[in-house]
Amino acid sequence: MISYLPYIASQFLVPMNLILMVVGTFVGIVFGAIPGLSGTMAVMLFMPLTYTMESSTAIIFLLALWIGGCSGAFIGSVLLGIPGSASAVATCWDGHPMAQKGQASKALAIGMCASFIGTFFSGLAAMLLAEKVADFAFAMGAWEYTALCLVAMTMVLAISKGNMFKGLASTCIGLLFASVGYSPIDAELRFTFDNMYLMSGLGMIVVLTGIFAVSHILVTFGNGFAPAPEVNGEGLKGFGLGIQDFKEEMGNIIRSFLIGLGIGFLPGMGSGLSNLVAYSSAKNASKHPEEYGNGAAGGIWAPEVANNAAIGGAMIPMAALGIPGDSTTALLIGALTIHGLEMGPMVFANSGDVVYLMFTTVIIVSVIVLLMQSLGKRWFPYILKVPSVYMYPALLVICLASAYVDSGNLYKCGMMMVFCAVGIAMHFGGLPTSPLILAFILGPTLEKNMLKAFQYSGTWTSFFTRPVSGVLMVIAIICIFSPIIRTVLQRLKKGSGKERS
């Protein structure tokens, strides 16, 4: 890493990189704070604008959007009681009650500091651990990568809200979209219907922007824009946090950091799960669990440290294995591929300077986020009062411009609207979008490695006879059948309880 320091330093001395880093951080915070938007959507919308940039500039800008969005999500949770994104759901449970007690300044200060701690130290952890994981990955073959892709998709299925079969349907749709175009081994055309625009496959921006962003905008428009929310902005003067507050929650902070880092590392998990697990762990470990839900400081520290620690955790498998830790790193893998950077074990040998630039950017942006939030805390209520009637039409224009910039023709803009219709149908059908995103991104990798594995061995049993792939396949199978397993265990538990009584 030391040999890359001159390159990293030179990139942060480029004025345009610094400007985009600050702008990206601010835009990310705004997207994260406003309910219904998120850092993931910010990355998705602005990704096409980075295609003409240098790879280093694009990385700095996209990471600033992501980190700002993940950190800014707690603002809506505290001031409105509405999470800015899924990563800040648990923050609502104590953040908003604390603000209602007149301690909004303290609640926001905890959120800012917790976000900084999670992001900063997870970036350091990724910097130290990613190359070690890549060294281990060199021993992995096509069987292991196939099994790892399956684990990534099935883990998302296991935590899909509602009916797991809807998550499975969403995954199948993503795999179907990923199979359009030339097959990876024999270069046969599939599902193109003699359309020249489909021969190169469905563009990532076209599919994901249509399903994820445009459909959300139109559904919100169809439901009618709510009036500007009433924000409790009282008591926002001062920082509201002292050294004693850190000392009292040090055990909670360390535990939540490890939870976030670990869950972020698991393929397909991410901050949406880590904040809930960390909150539950903090409540169970507390000496006064009855305070949780009524404005307990630990109920803000735990989810905010964990969801931001998941950033560094998710970047480890992204860089070392080429497997996304969550939906945002899936988008980043696609963006980096366009810039000629293929994530995986060889990336440290081929583009080590760029990878360590990513980790350094996470660390530096975490400091910028803390400074920006500390100085602008009194302006947070105004961010949440941005009129939807102006914001959403502007986002729709950005979506259309993104589709055009991605392809250079209006045909893809029409395709994006088709996928928008798919997204609306998924919304009303209750199908989650996260499994589709991961399946669409991982589909080519899964297919390529699976075909290679069959060519090498000629039998499916080889996936179970190799130790690493065998363990991963068993994990994938357990994730698929986890609802049935949980039901059986619950019945056995109830049955044993009745026998005792």
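**Exercise 1. Find which residues line the largest cavity, and sort them by class.**

Solution. In this predicted model, the lining of the largest cavity is made up of Ile 59, Leu 62, Leu 63, Met 318, Leu 332, Leu 336 and Met 358. Sorting these residues by class gives 7 nonpolar, no polar and no charged. The next step is to assign them to secondary structure: helix H4 (55-79) and helix H14 (327-338) each contribute at least two residues of this lining, and H4 gives the most, with 3 residues. As for size, the volume of the largest cavity is about 40 Å³, and the structure holds 1 cavity of 30 Å³ or more.

**Exercise 2. Describe the second largest pocket by its volume, its central residues and the elements that line it.**

Solution. Begin with the volume, which for the second largest pocket is about 1,200 Å³. Of the 48 residues that line this pocket, Thr 337, Ile 441, Pro 444, Thr 445 and Lys 448 are the closest to its centre. Two or more lining residues come from each of helix H7 (142-158), helix H8 (164-178), strand E1 (181-182), H9, H14, helix H17 (388-407) and helix H19 (434-457), and among these H19 gives the most, with 10 residues. Finally, divide the lining by class, which yields 28 nonpolar, 13 polar and 7 charged residues.

**Exercise 3. Follow helix H9 from end to end, and decide whether H9 is largely enclosed by the rest of the structure or not.**

Solution. Helix H9 covers residues 204-223, which is 20 residues, and the distance from its first C-alpha to its last is 28 Å, close to the 28 Å expected at 1.5 Å a residue. Along its course, H9 bends by about 45° at Gly 210. Just after the helix comes Gly 224, which adopts a positive phi of about 90°. For the surroundings, apply the cut-off that a buried residue has under 20% relative accessible area: 14 of the 20 residues of H9 are buried, and H9 is therefore largely enclosed by the rest of the structure.

**Exercise 4. Place Tyr 4 in the chain, classify its accessibility and list what Tyr 4 touches.**

Solution. Tyr 4 is located in the segment before helix H1 (5-11). Its relative accessibility is 23%, so Tyr 4 counts as partly exposed, the class that runs between the 20% and 50% limits. Leaving aside residues up to four places away in sequence, Tyr 4 touches Phe 348, Gly 352, Asp 353 and Tyr 356. One of these partners, Tyr 356, is 352 residues from Tyr 4 along the chain, yet the two C-alpha atoms are separated by 7.5 Å.

How values were computed. Residues numbered from 1 in each chain as written. Predicted model: local features only at pLDDT ≥ 70, side-chain atom pairs only at ≥ 80, totals over all residues. Heavy atoms only, no water. Helix = DSSP H or I, 4+ residues; strand = E, 2+ residues; numbered from the N terminus. Expected span 1.5 Å × (residues − 1). Bend = angle between axes of the 7 residues up to and from the residue. Buried < 20%, exposed > 50% of the residue type's maximum accessible area, 1.4 Å probe, protein only. 1 Å grid on protein atoms, 1.4 Å probe; cavity = no way out; pocket = protein on both sides within 12 Å on 5 of 7 lines; lining within 4 Å. Points joined across faces, edges and corners; volume = space filled by probe spheres on them. Nonpolar A, V, L, I, M, F, W, Y, C, P; charged D, E, K, R; others polar. Contact = heavy atoms within 4.5 Å.
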